[in-house]
Number of protein chains: 6
Amino acid sequence: MIDQTPLFAKLDRDAVLAETVEQLCAQDACEASWHRISRDQPLPSLDALTEVVGLLRAVLFPGFFGPQDVSERTMPYYAGSALDRVVKLLSEQINRGYCFVCAKENRAPCSDCESRSEAVALEFIRKLPSVRELLAADVQAAFDGDPAAKSPGETIFCYPSIKALTNHRIAHQLHHLGVDIIPRIIAEMAHSDTGIDIHPGAHIGERFFIDHGTGTVIGETCVIGKNVRLYQGVTLGAKSFPKDDTGGRLVKGLARHPIVEDDVTVYAGATILGRVTIGQGAVIGGNVWVTQDVPAGARIVQARASEQLYISGAGI
Amino acid sequence: MIDQTPLFAKLDRDAVLAETVEQLCAQDACEASWHRISRDQPLPSLDALTEVVGLLRAVLFPGFFGPQDVSERTMPYYAGSALDRVVKLLSEQINRGYCFVCAKENRAPCSDCESRSEAVALEFIRKLPSVRELLAADVQAAFDGDPAAKSPGETIFCYPSIKALTNHRIAHQLHHLGVDIIPRIIAEMAHSDTGIDIHPGAHIGERFFIDHGTGTVIGETCVIGKNVRLYQGVTLGAKSFPKDDTGGRLVKGLARHPIVEDDVTVYAGATILGRVTIGQGAVIGGNVWVTQDVPAGARIVQARASEQLYISGAGI
Amino acid sequence: MIDQTPLFAKLDRDAVLAETVEQLCAQDACEASWHRISRDQPLPSLDALTEVVGLLRAVLFPGFFGPQDVSERTMPYYAGSALDRVVKLLSEQINRGYCFVCAKENRAPCSDCESRSEAVALEFIRKLPSVRELLAADVQAAFDGDPAAKSPGETIFCYPSIKALTNHRIAHQLHHLGVDIIPRIIAEMAHSDTGIDIHPGAHIGERFFIDHGTGTVIGETCVIGKNVRLYQGVTLGAKSFPKDDTGGRLVKGLARHPIVEDDVTVYAGATILGRVTIGQGAVIGGNVWVTQDVPAGARIVQARASEQLYISGAGI
Amino acid sequence: MIDQTPLFAKLDRDAVLAETVEQLCAQDACEASWHRISRDQPLPSLDALTEVVGLLRAVLFPGFFGPQDVSERTMPYYAGSALDRVVKLLSEQINRGYCFVCAKENRAPCSDCESRSEAVALEFIRKLPSVRELLAADVQAAFDGDPAAKSPGETIFCYPSIKALTNHRIAHQLHHLGVDIIPRIIAEMAHSDTGIDIHPGAHIGERFFIDHGTGTVIGETCVIGKNVRLYQGVTLGAKSFPKDDTGGRLVKGLARHPIVEDDVTVYAGATILGRVTIGQGAVIGGNVWVTQDVPAGARIVQARASEQLYISGAGI
Amino acid sequence: MIDQTPLFAKLDRDAVLAETVEQLCAQDACEASWHRISRDQPLPSLDALTEVVGLLRAVLFPGFFGPQDVSERTMPYYAGSALDRVVKLLSEQINRGYCFVCAKENRAPCSDCESRSEAVALEFIRKLPSVRELLAADVQAAFDGDPAAKSPGETIFCYPSIKALTNHRIAHQLHHLGVDIIPRIIAEMAHSDTGIDIHPGAHIGERFFIDHGTGTVIGETCVIGKNVRLYQGVTLGAKSFPKDDTGGRLVKGLARHPIVEDDVTVYAGATILGRVTIGQGAVIGGNVWVTQDVPAGARIVQARASEQLYISGAGI
Amino acid sequence: MIDQTPLFAKLDRDAVLAETVEQLCAQDACEASWHRISRDQPLPSLDALTEVVGLLRAVLFPGFFGPQDVSERTMPYYAGSALDRVVKLLSEQINRGYCFVCAKENRAPCSDCESRSEAVALEFIRKLPSVRELLAADVQAAFDGDPAAKSPGETIFCYPSIKALTNHRIAHQLHHLGVDIIPRIIAEMAHSDTGIDIHPGAHIGERFFIDHGTGTVIGETCVIGKNVRLYQGVTLGAKSFPKDDTGGRLVKGLARHPIVEDDVTVYAGATILGRVTIGQGAVIGGNVWVTQDVPAGARIVQARASEQLYISGAGI
C-alpha cells in the first residue's frame, strides 16, 4: 500500500470541495439524476413513515411494542394519542406522495390535495380494527404452523412473518385507498428488516404464514387465499413482461402473478411464475419450478433421486 | 387519482379517532388479539435486549464495538461497568420472559421469579469467557475459509457469520439455562440483520462459518459438529410436523432436524430435511436436496448437465 | 421451569462480575481473541461510516435523503457542508483502516498515513459526480426493468437495488483507491439492509439492476458489463479455493468469479460459479447451475418438466 | 505558559487512572463523602423528575408545552397517557425519596413503602385540577400586573414567575403529602431556570406574581396571602437560626419566615427577615430592610435623598 | 413518616386517572386556563426557537458555536445551510406568533399571514450582518471592560453579557419588524441562562457590556446610548404603572423606563426607575436608588459611612 | 399589525440567502468579528466540556449523579471508565485552550502542546481525591448551615452551592495547572445554572457555603478562608481598575479583590470591594457596603431604622 503514496498529489481540500459541489449542483447534472425537486413539494420522508409504522405497531399490538405497561383501561389514552399523531403525519406523507406523482407527470396542481390526504388518512384509520383482526388470525396461524413456537405472543415478538404482514396489511390498505408511493416505502421497510418482499398490491387472505421468510417474494398482482403457508425463498413472480406497441416500454399493471387458493403450502425455494392458479389444498415441494396451473389437492415434488450424483467419499 | 376525490366524504377527524379507539380497545377485540397484558407483568422489551446485546458485543470484541480507545489496562473498567449493566437489564428481561410464559399458561405466580432471574443472569455472565473462546475460533474459521478475507479482524467487523454467531452463542446459553422467549428475540435480531436464521436451541460446535449467509436456516434441534462450513441459502430443516392424537395441534419439541458431523461443507442453496445424519467430512453440493443419511466422506452434487436445456441464442 | 430453581444457587453478584472481568481481560484471552488493540490506533468506527454513507446518500440523491426542502439554489450549501464533513470523517476512517492492516502485519508505522488518508478522501470526493452519473443510469435501469415501478424516483426511495448500488459504487471507488477494510464495512451495511452482498472489488458496468435482490451474491473478482439484470438469490461465486504450496492457507486474490457481458439477464436462484464468461445478451434461467462458459445470446433453462413428480391430490 | 512544561513529567496514564480510582473508591473515602449508597435503594433520579415536571407542564398548559396540535377532543388522550406515565415515574421517585431518608436515619426498612408511594402519587394526581386553577389565577395576575404583557398566554410562555410557580405548586403538594426530598429537587429545578428560589414548604395564596424574579428567595415557613406581588431580588428570609441545647446543631423546622398578608407589594431588592407580619395591602419599597411587623396599608420606602452623595461630574 | 400511612387509602389507579383527566379536559376548566387552542393554529414552539437561536449563534460566531472546524472557505456552506433552515423555522414561528395574537383578539383570520411571515423572516436575515457588527463591538467592549478577560474570544465563550446580547439583538430586530411574542420568548431564553432580563423593546447602543449580570433588568422602553457599562443586579425599571380610565387595567406601551446616555456606568445593585435621563458619562454607584434625572458627568454614590453601625466583635 | 404588510415587499428567498451569506463570510467581516479560526486549531467545545463535568460529577458523588445503582464493589468500574474518558476529552480541550491563546498572541506553534495537555490532564486526575475531600466538607457545611436541610445528601442533590463549588473546585485546579480559558468556561456553566459567579482564580478554603446564591459574585483574586458562609447577592468585587501607562488598556492580573478570613459570614446583598481584609469571625450584615478593612470579630449592620420613611397606609 505504501508504494501507492506517490499517486496522491497533495490536493487543496477547499478547492476540491468547491469544484465537486459545483459539478454536483449544476442544473443538468441534477436533472439527469431525477432531482426535479422543489421546496414547495418536499418528497416523502422515511423518518416520518418509520414513526407512523412504529405508532401503528404499538396500537395493533399494545404492550408488545410501544409503551409497555399499558393496561386495559389506559389503552385508550395511548391508542388515542398515537392515532392522532398518525393522522397528522400520515396526511402529510400521503399528500407528499400525490405531489411526487404529480411532479413526475407534470400535471396541473390539484387544488384539493391537502384535504383529500387527510380524508384518506382517516379512512385508513377506520380500517385499523379490521386490520388487527386479520393480524390476530395471522398470529394464530404462525403459532399453529410452527412446532418451535411456544405461544402466539412469541410470534408477535420474534416472527418475521408477523412483522412483514403488519407492514403489508397497512400498506395494502393505503394502496387500496389510492395512495401513491407511500405503500411501497412501507413495504420496503419490512423487506429490509425481514427479507420478505411483498408488493402492497398483493391480495392476501386470512391466516397467512411465512416461515423463516428470507428471500420470499410476492408480486404485485398475486391473489392469495385463506390459510396459505409459505417458506423461505419462495417466489410468486411474473414470467415475462410484455412491452408496449412502441416496442420499448414495459406495459405496467397487467395481472401477471399467481393465484394461490386456500390451504395451499409452498415449501422453501419453490418458484411459481405467471398468472397460473395453484388449486385449493395443493402442496408445492421445495425448489419446485411451476409455470402452469396446478389442480386442487395436487402435490408436486422434485424427483431428486434421479438427478443427484452420489460420489463415495473415498475417491475425492 | 383526481377522480377518486368524491369517494372521500369529509370525515370528522375527532369522531373517527374516538370511534376507532373505542373499537380497538374493546375487551373482546383485545383478547382476540392476544393482548392479555397487565401493568404488573410488562412484556419483554426489545430496546432493553438490543442494549444488552450491544454491551455484550463490546465486551466480547473490545475495540471493535463499544468504546474504541480501550487499552489492555483500561479494559476491566469498561468490561466491568458494561457487565454490571447487563446483569441488571438481563435479570429484568429474564423475569419478564418467565411472566410471559406464566401468563400464557395461567400458572400460579411463582414467588421466586425475581431472585431466580438474577441467578440465571449471573450464571450466564460466568459463561462469557467460554462464549468468547468459541467466537474467537469462529473468527479464525471465517478467515481461513474465505479467500476474500484479509485478516481475522475484518471478519469481526464485516461478516454476517460472526454477527449471527455472536447472537446465537449468547442466545444458546440463555436457552440452555431455561430462559423463556428472550433467546428467540435475540436470535431474531440477528436474523433481521444478517438473513441468517438460527434457532437458539441448535447445538453448534467450534469453528463454524457461514459464508454470505442470506437465507440460511438452522432448525431448533440441529446438532452441528466442529469445523462445519455452510453457504448462503442452506436449509437445515424439518421434513414433516407430526400432529398430536387429537389430530389438530403440532407436537412440539421433537428432534426433527439434521445432525451434521465434523468437517462437513454444505454449498449454497442446499436443503437438508429431517433427522438425518450428514457424516463426517461430507460435502453437499449447491442446491442439492437431502432427506436421507449421507455417509462420512461422501460428496453429493446435482447432475446439472442432464437437466438443463441449452438453447442457442439465435432463435430467441 | 419452576423445578429448575434448585440448579441456581444464590451467586454473589459482585464476585461473579469481578471474576468474569478478570478472565475476559487476561492478556492471553485477549490475544487469542484478536484484540491486539491499542489506544493510539483506534479501530474503524461503524457509527462514523454510517454517518458518512448517510451524508453521501443525501448528496447523491438530494431531497430523497437528508434535508428535504433543498432547492436548486440552496443545494450548494447543503452539499458543501455535507462533503466537508465527509472529508473529515472519511480521512480519519481511511487512516484507521491503514492502521488496522499495519497492526495486523506488524509493519513499521508509516509516517505519512494521515496526509495520505486525506489525499485519498479528496480523490474520492472528486469521483462523486461520476458516481452519481452511474447511479442515475442505475435508477433508469430499475424503472425500465420493473413493470411495478411507477417512476424512477420510486426506485430511489424503495428499491434495494439502488440502496445496494449506492453503497457499492462508493465502496468500489474506495477499494480502487487502495483503502483497506472500510469498503468492506460499507458493503456489509448494504448487505445487512438489503440482503444483497456485493464485494467492493466487483466491477459493475452501467445500468445495472437487481430485482428484489435478497440473497444475491456478487464475488470479489466479478466483471459485469452494461445493462445487466439479476434477480433475487443469484450467486456469482467461486468454484473452488486453491490452497498455497504449504497446503494449508487459501491463496487470496485470484480471479475466480464470473465475467458477465453486456445485456445478460440472470433469473432468480441461478448459480454461476468460477471464472466463466456469460456471453453478451445471454439469458440464464431461474435456479440454473452454470460452471462453464455460455456463448453470447444463449438461453439456458432447466428442463423442469422431466424432473418433477406430479402426484394427483387424491391419494395424499 | 511554555516555560511551565518542565513541571509536568511524563505520567503513565494507566497508572494514574488506577491509582486515582483506588483512592476514590476506598471505603473510608466514600463514607466521608456521604456515599452510603446501595444498589437496592437507588437515589432519586434528576432525569426522571425532569420528565415528570415536563409531562405535568404539558398537562397543565396543553398546547403551550408538550404536543402542540392537541385539540379539545384529543386532549384526554394526551392527558391520560401523560398522567399514566407520571404515576409510574413519580411513584418510583417518591419511594426513592423515602429510602433516601430511611438510609440516612438507619431506620428499619418500612415494608409498605412501594404501595404507599403509589398511593401518594395518586393523591397528588387528584390535586392537579386545583393546582391548575391556582396557576390559571397566577397567569391572570401576571398579565394584570405587568404593562409589558400583551396577553395572558404570553406569560405562560415567557414569564419566569409562571415557570417557578408551576414547579412550586407541584412541589408544595408533594411536600404537603409528606414526600421526602423530591419536592426540594423540583423546586431547585425552577431556581436554576429562573433564579427564583421558593422552598416547597412555603404557603402561597392565589394570584401570586413575581416580576423578573431573579434573586428572589422565599423561605420554608413563609405564609403568603392572596394577590401578592414581588419583584426581583426580594428576600423573605429568616433572621437567625437558634441552635439546640447541645449548642451545636441548628434547630430545624421552626416558623422563622415572614407572613405576608393579602394584596401586599414588595419592590425589588427588599429584604424581610424573621417571623414578622406584613399587613394587608402594605407596600414595601425597593431595597427596604424589614425585621419588624408592618401594619396593614402601610407604605415603607427608603429615604434615599438623604443618604446619597451627589457629586457633580466636573471634579471626578 | 410511617405513621402517615393510614392517610392514604388504597386508590384505584385507573379510576383516579380517568376522573382527573375528565376534570382537566372539561371545557370550562380549559377556558379558564387560557387554553383556547386549536389544531389549526398551533402555538409557538420553544424547541423550534431554541434551534433557531442555536443556528444563528453558529452563524454569528462561527467556530465558537456550531460546527467547529469550519474554515474561511467552507464557511459559506455552513452559513448557507444554517440560514436556509432558519428561514424555514422562523417563518413558521413568526406565523404562529401572529395567530397567537389573532386568536386572543378574536380577529378575523388574516389571509396573508404565511407569506407575510416569510417576508419578515427574510428581512430579518438581511439584518444579520449589521447584528454581527454590533455584537463584535460588544465583544470588544467586554474585553476592554474586564481586567479578568484575557482575550475577546474568551468573552464570546464565557461571558453572559455576550450571550444575553446575542439573544437581545436578534429579538430586538424581530420586535422592530412587528413580530409578536417570539421576541419575548427569545429574550426569556437568555434570561433563564444568564439572569439578565432585557425586554426586546429596549434600544441598546454600540459597545454595551454587563459584567456578571445576574439580576440585571432592562425594561421595555429603555433607551441606552453607546459605550454603556452595567454590573449585576442593576434595575432600569418603571416607577409606576398608570391604570386606564376604567380604573382597572394597566395602560400598556407608555415610555416609562430610563434613558441612559453614552458612556454611563452603573454599578452593581443600583436601581434607576421611571422615564429619567442619566446624562452622558455619569457614574451611578452601587446600590444607589435613582428616580430623577442625573446630569451629564455626575457621580452619585451612597453615603455609606453614615448609615452603617460598626459593632466591635467583642460584645456579640 | 395587518397594516404593516406593505412594508414587506416580496423578497426572493434564495437571493436574500446568497447575499447575506456572502456578506457574513467576507474576510474583513470575519476578522472584525474575532473569527480568526482555522480548521487545524478548532476552538474549545462546550459539548465536550459539559460531558467532562458530568462525568466528574458522577465520579465525585457516585449514585447521586451518573449511573444510579452503583455499589461499593462496582464503583471502580464506573469510576475507571469515566475517568479514562475524562482524560481523553480533557486532554483535547486543554490543548485547544492552548491553541486558542497561541492563535490570539500569534505565537509560534509550540511543538509539545499535545503531550503537555495530556500531562496536565493526568495531573488534574491525581487531584480528584483531594477535590472530593474538599467537596465533602462543603456538603457538611451546607447541611450545618441551613435549618431547612434535612440531610447532607439533600444538599448534594438540591443546593446550588454544591453545584457551583463542584465546578469551581474543578476549574480552580485546572487554573492552577496553567490551563487556558477552559476553567472560565467551566465556571460559567455553573454561573448559568446557579446564578453564582466564581472566577476560577479565587482561592476558597474548606467548608464553604453559599445559601440560595443567586447573584453572588466572587472575583479572580479573592482569598477566602475556612468555614466562610455567604448568602445570595453578595459581591466580593474590585473597586477600581487601574489602566496602564498608555492610558488606555486595563492592567490585568493585579490583586484587587477582598481577603475573607476564617469563620466570616456575609449576609444577602452585601458588597465588599477592593483588596480589603475581612477579619476572622466578622459578620457583614445584609446590603452593607464595605470598602475598607474590617477587624476580626466585628459585626457591621446597616442602621436601617434611620433611613426608612414609614408612611401609614391611610394616605396612600
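A residue counts as buried here if 20 or more other C-beta atoms lie within 10 Å of its own. Keep that cut-off in mind for E:Ile181, which has 25 other C-beta atoms within 10 Å and is therefore buried. This is a predicted model, I should say at the outset.

Let me stay with E:Ile181 for a moment. The residue sits in the loop between helix 7 (160-176) and helix 8 (182-194) of chain E. Its phi is positive, about 55°, and it is not a glycine. Most residues other than glycine have a negative phi. Chain A has another case: A:His212, also not a glycine, has a positive phi of about 65°. Where is A:His212 found? It is in the loop between strand 3 (209-210) and strand 4 (217-218) of chain A. With 28 C-beta neighbours inside 10 Å, A:His212 is over the cut-off of 20 and so counts as buried.

Next, the layout of chain A. It is divided into domain 1, residues 40-196, and domain 2, residues 202-303. The C-alpha centres of the two domains lie 25 Å apart. Their contact takes 16 residues from domain 1 of chain A and 12 residues from domain 2 of chain A. On the domain 1 side, helix 6 (128-145) and helix 8 (160-176) of chain A each supply at least two residues. Which helix gives the most? Helix 6 of chain A does, with seven residues. By type, the domain 1 side divides into eight nonpolar, six polar and two charged residues.

Chain A also has an open sheet of five strands, in the order 1-4-7-10-13, with parallel pairing. Strand 1 (197-198) and strand 13 stand at the edges with a single partner strand each, so one side of each has no neighbour in the sheet. Strand 1 of chain A is joined to strand 4 of chain A by two bridges. In one pairing across these strands, A:Asp197 has A:Val217 as its bridge partner in strand 4.

After strand 13 (289-290) of chain A comes a loop that leads to strand 14 (299-302), and A:Ala298 has its place there. A:Ala298 has 21 C-beta neighbours inside 10 Å and therefore counts as buried. For a sense of distance, A:Ala298 and A:Ser71 are 227 residues apart in sequence, and their C-alpha atoms are 48 Å apart in space.

Now to chain D, and its strand 14, residues 299-302. In a regular strand the side chains alternate between the two faces of the sheet. Strand 14 of chain D has a covered face made of D:Ile300 and D:Gln302, while D:Arg299 and D:Val301 are on the uncovered face. What does this strand pair with? Within chain D, strand 12 (residues 283-284) runs parallel to strand 14 and is joined to it by two bridges. There, D:Ile284 stands opposite D:Ile300. Strand 14 of chain D also pairs across to another chain: strand 15 (residues 308-311) of chain F runs antiparallel to it, over four bridges. D:Ile300 appears in this pairing too, with F:Tyr310 as its bridge partner.

On to helix 5 of chain B, residues 113-126. At 1.5 Å a residue, its 14 residues should span 20 Å, and the end C-alpha atoms are 20 Å apart, so the two agree. How many of its residues are buried? The count is 10 of the 14, so helix 5 of chain B is largely enclosed by the rest of the structure. Among the buried residues are B:Cys113, B:Arg116, B:Glu118, B:Leu122 and B:Phe124.

Last, the pair formed by chains E and C. Eight residues of chain E are in contact with eight residues of chain C. The chain E side divides into two nonpolar, three polar and three charged residues. How are the copies related? Chain E can be laid on chain C with an RMSD of 0.0 Å by a turn of 180° and a shift of 0.0 Å along the axis. The two copies are thus related as by a two-fold rotation axis. Which residue of chain E comes closest to the rotation axis? That is E:Tyr77, whose C-alpha is at 2.1 Å. Finally, 100% of the interface residues of chain E are also interface residues in chain C, so the copies meet through the same surface.

Conventions
Residues are numbered from 1 along each chain as its sequence is written. Chains are lettered from A and ligands numbered from 1 in the order in which they are written. This is a predicted model: local features need pLDDT of at least 70, side-chain atom pairs count only at pLDDT 80 or more; totals for chains, interfaces and linings use all residues. The expected span of a helix is 1.5 Å times one less than its number of residues. A residue is buried if 20 or more other C-beta atoms lie within 10 Å of its own, exposed if 12 or fewer, and partly exposed in between; C-beta atoms are placed from the backbone. Two residues are in contact if their C-beta atoms, placed from the backbone, lie within 7 Å. Ala, Val, Leu, Ile, Met, Phe, Trp, Tyr, Cys and Pro count as nonpolar, Asp, Glu, Lys and Arg as charged, and the others, Gly among them, as polar. Domain bounds come from an automatic or database domain assignment. Copies are superposed by least squares on the C-alpha atoms of residues with pLDDT of at least 70 in both. Two strands pair if DSSP finds at least two bridges between them.
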